[in-house]
Every structure is written in structure tokens, then in C-alpha cells.
Amino acid sequence: MTAPRTDLAELDLGELERDLAARGVEPFHARQLYRWIYKRGVTDVDQMTDLSRALRETVAAEYGLTTPCIVGDERSTDGTRKLLLELADRRRIEAVFIPDTPAMTFCISTQVGCAMSCGFCLTGRMGLVRHLTAGEIAGQVRVLAAATDMRDQPFNLVLMGMGEPLHNYDNTMKALRMLHAEHGLAVSPRRVTLSTVGIVPGLERLAREPLMPNLAISLHATTDEQRSELVPPNRKYPLSAILETCRRFPLQKRRRITFEYVLLAGVNDTPEDARRLVVLLAGIRSKVNLIPLNPAPGIPYERPSDERVNRFAQILADATLTVSVRKSRGRDIRAACGQLIVEGGPKKSAAQQIALLMR
Ligand code: SAH
């Protein structure tokens, strides 16, 4: 009987070192393997030419390497590229490459589907199918870096694809450790932005992480009544709790928390909303990123006019907030925010999804 093979994709560097040591292999080979897998994108052990033949044989016999498969590759007229990736269990997720924003950016998923049920987001319609493993989260970056030939260039990473990263906390943080490894892609946490609806216990854990990514909070409304409607987890973690946690959040020099605000025509885009937002953010080192809605069939909201967007932005700017308006990229291939969805499936009610979230 052969022992089940260990998946190299799921091991962080320390785990791989210990795993090798347990098999009588010098742990420094872990760094060589990381360099091949992450830095050079080689998945076939036979091509890892600086490993001895004996070691290549051991690795081939005892380990496997699972990598998401590209089953769709769409290019937008603006250069954005959306990869449809298939996982080992045939589930599918999407990962997006956004060039020149001004940096090169990879947008990756943390779950298949999402349990948050935000009223304007297509992924939210799917409900949560499952969490991604750490290897699947980091694997998207390996695949994107190879597909775009970016392994040797710096890139930004945003956890803004499908899923809620703080709902899959351990796997997300492990993936960031794997991507940070010096002999692999060496992605600096300063280049990573984690976007969340604001799950307070998750934020509190994040505040104590040694490898801390930049933080973006999906705010989207300025009263609990409206936010609970648009972003259902607000019923459990209201605005005051999220903002209080943000006030205490340890920020490095010159770092700020980004507050994302989807603008929905006639719903949350009035001058009163903008003024309330100014008051809410007082005392927080923040910047605001306005996202005019990317409309989609089945989403019961509309995108406001540019004029309304500008008026909202101007009120924030007049109150000395730093504000930017997110250009929507890749809309023609449904790669823009909130447009990632790959399988149907019955939509769970918000209450069911909240119950899932609280488990
Ligand atoms: N779950 C995380 C990350 C995923 S989405 C979060 O909620 O932050 C990244 C951003 O896109 C979020 O701010 C999300 O609210 C926003 N978004 C979702 N649907 C959108 C849509 N249809 N148009 C514009 N932005 C949308």
C-alpha cells in the first residue's frame, strides 16, 4: 500500500522544512523547492535540476503539487484578464489580472462563492460553496504570475475576488505567509490589500498579525439600518463596532485604512450620506474609495451618473478626506468588482447565510 502523497501546495515553508526533516531530507531543500515552485513556476520535479537525482526521486514518490487549472482566459479591451480556474474537486473560481492601476495587480478569491449576501454583489448570490485552502489561494497567484509573465516583477495583490477573506481567516493568512516566503515570490505584505465586510473578531486577530496586509473595509452605508440591508453581516457587527476597531487598529507610518463605498443610484449616494460618512470617519487615518456600482442582471440597483459620483466625492474632499473613484476594469468580460460568479445554485436567504457565518 502506498502512503497518501503530501501536497506541496499546502505547506508553508516551515511546514515543508519539518516535513522533509521527518523523511530524513535536509530541511534547506525546502527553500530550493519553494524557488522552483513559486519563483520559477516549475511543477514537474524532473525539471528541478539543482536537486540531486535521489532527492528528485523522493519528492516524486512522496509528494504531489496541486495547481489550479486554467479553463477560461478572457481579455478585456482595457487589458484586464480574467482567468477561470478549476480546482481539484472541479469547483471553479475566478482570478483577475489588472494592469497599470498604476501598479500591476492580481485580484484573487478566498472562497468558492460567499456567505455575506451583499445585495449588490453577484458572488453573494451564489451563497458559500466552500472555503479555499491556503494552497488554492496562493495557487491563484502562482498561476496568474505564470500566465502574465510577472514572476520577476513586483505586483500588488488584492483579496477582492470571490469570498470574504476574514470568513476564511486561517487559510487566507497561511496563503499570505506562503506568498511572502523569501525564496518564493517574496510578496511584501505592504503590497497586499485585504478587503472585508468587517467581521470584528477577524479584524481583532488581524491587528495582532506579524505579517499585516493593508486593510480595506467595505462600508457602503452610513446608518446601521441601511448597512444591514445592503451588507447583512452588519446585523451582527454594526458600524460602531467596526469603526471602533478601526480606530484602534495598529497602522504603520503613513499607512491608512481604505473605506470602500459602492455608490447605488438614489440609495446611498445623497449629499447627506456623504456628510454622514465624513462624521463617521473622523479620527481614523483613512482614505475613501468610491465604487460606482457595476450593474448586473438580477442586481436591483443602478449605477449613479458621473455627476452624482463627483458631487459625493467633492463633499468628502471638501472635508479634507482623501478620496478616489475606482475605475471599473474589465466590465466587458464581467471581471469587475461584484461581477465574479461561476456557478448557479440556489440562493440561500440572508438569514441562512448569517447563520452559516456565525457558526
Ligand atoms: N468580501 C470582501 C471582498 C470582495 S469584493 C469585501 O466585501 O470587501 C471587493 C469589493 O467590491 C467590495 O467592496 C464589494 O462590496 C465590492 N462590490 C461587490 N459587488 C459590487 C458591484 N456590483 N459593483 C461594484 N462593487 C462591488
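**His29**

I began with His29 in this predicted model, and I asked whether the residue is buried or exposed. Its relative accessibility comes to 16%, and because the cut-off for buried is under 20%, I entered His29 as buried. I then looked up where the residue sits, and found His29 in helix 2. Leaving aside residues up to four places away in sequence, I noted that His29 touches Leu20, Leu51 and Leu55.

**Domains**

Next I turned to the division of the protein, which is into domain 1, covering 6–64, and domain 2, covering 69–357. I looked up how far apart the two centres lie, taken over C-alpha atoms, and wrote down 33 Å. For the contact between them, I recorded 15 residues on the side of domain 1 and 16 residues on the side of domain 2.

**Helix 6**

I moved on to helix 6, which runs over residues 169–180 and has twelve residues. From its first C-alpha to its last I found a reach of 17 Å, which is close to the 16 Å expected at 1.5 Å a residue. Which residues of this helix are buried? I listed Tyr169, Thr172, Met173, Lys174, Ala175, Leu176, Met178 and Leu179. Beside that list I put a reminder that an α-helix has 3.6 residues a turn, so residues three or four places apart point the same way.

I also wanted to know what covers the buried residues of helix 6. The cover includes helix 1 (13–22), helix 2 (29–39) and helix 5 (134–147), and I added strand 9 (156–159), strand 10 (192–196) and helix 7 (200–206), which are also among the covering elements.

**The largest cavity**

I then searched for enclosed space, and found that the structure holds one cavity of 30 Å³ or more. The largest cavity contains about 70 Å³ of space. Its lining is made up of Leu157, Leu176, Leu179, His180, Val187, Ser188, Pro189, Val192, Leu211, Met212 and Pro213. Helix 6 gives the largest share of that lining, with three residues. By kind, I sorted the lining of the largest cavity into nine nonpolar residues, two polar and no charged.

**The second largest pocket**

Last, I looked at the second largest pocket, for which I noted a volume of about 220 Å³. The pocket is lined by 15 residues, and those lying nearest its centre are Met212, Pro213, Asn214, Gln252 and Arg255. In this lining I entered nine nonpolar residues, two polar and four charged. I marked Met212 and Pro213 in my notes, since these residues line the largest cavity and also lie among those nearest the centre of the second largest pocket.

Technical notes: Residues are numbered from 1 along each chain as its sequence is written. This is a predicted model: local features need pLDDT of at least 70, side-chain atom pairs count only at pLDDT 80 or more; totals for chains, interfaces and linings use all residues. Side-chain values use heavy atoms; hydrogens and water are left out. Helices (H or I, at least four residues) and strands (E, at least two) are DSSP runs, numbered from the N terminus. The expected span of a helix is 1.5 Å times one less than its number of residues. Buried means under 20% relative accessible area, exposed over 50%, partly exposed in between (1.4 Å probe, protein chains only). Contact means heavy atoms within 4.5 Å. On a 1 Å grid over the protein atoms alone, a cavity is a set of points where a 1.4 Å probe fits but cannot get out, and a pocket is an open set with protein on both sides within 12 Å along at least five of seven lines; lining residues have an atom within 4 Å of a point. Grid points are joined across faces, edges and corners, and a volume is the space filled by probe spheres set on the points. Ala, Val, Leu, Ile, Met, Phe, Trp, Tyr, Cys and Pro count as nonpolar, Asp, Glu, Lys and Arg as charged, and the others, Gly among them, as polar. Domain bounds come from an automatic or database domain assignment.
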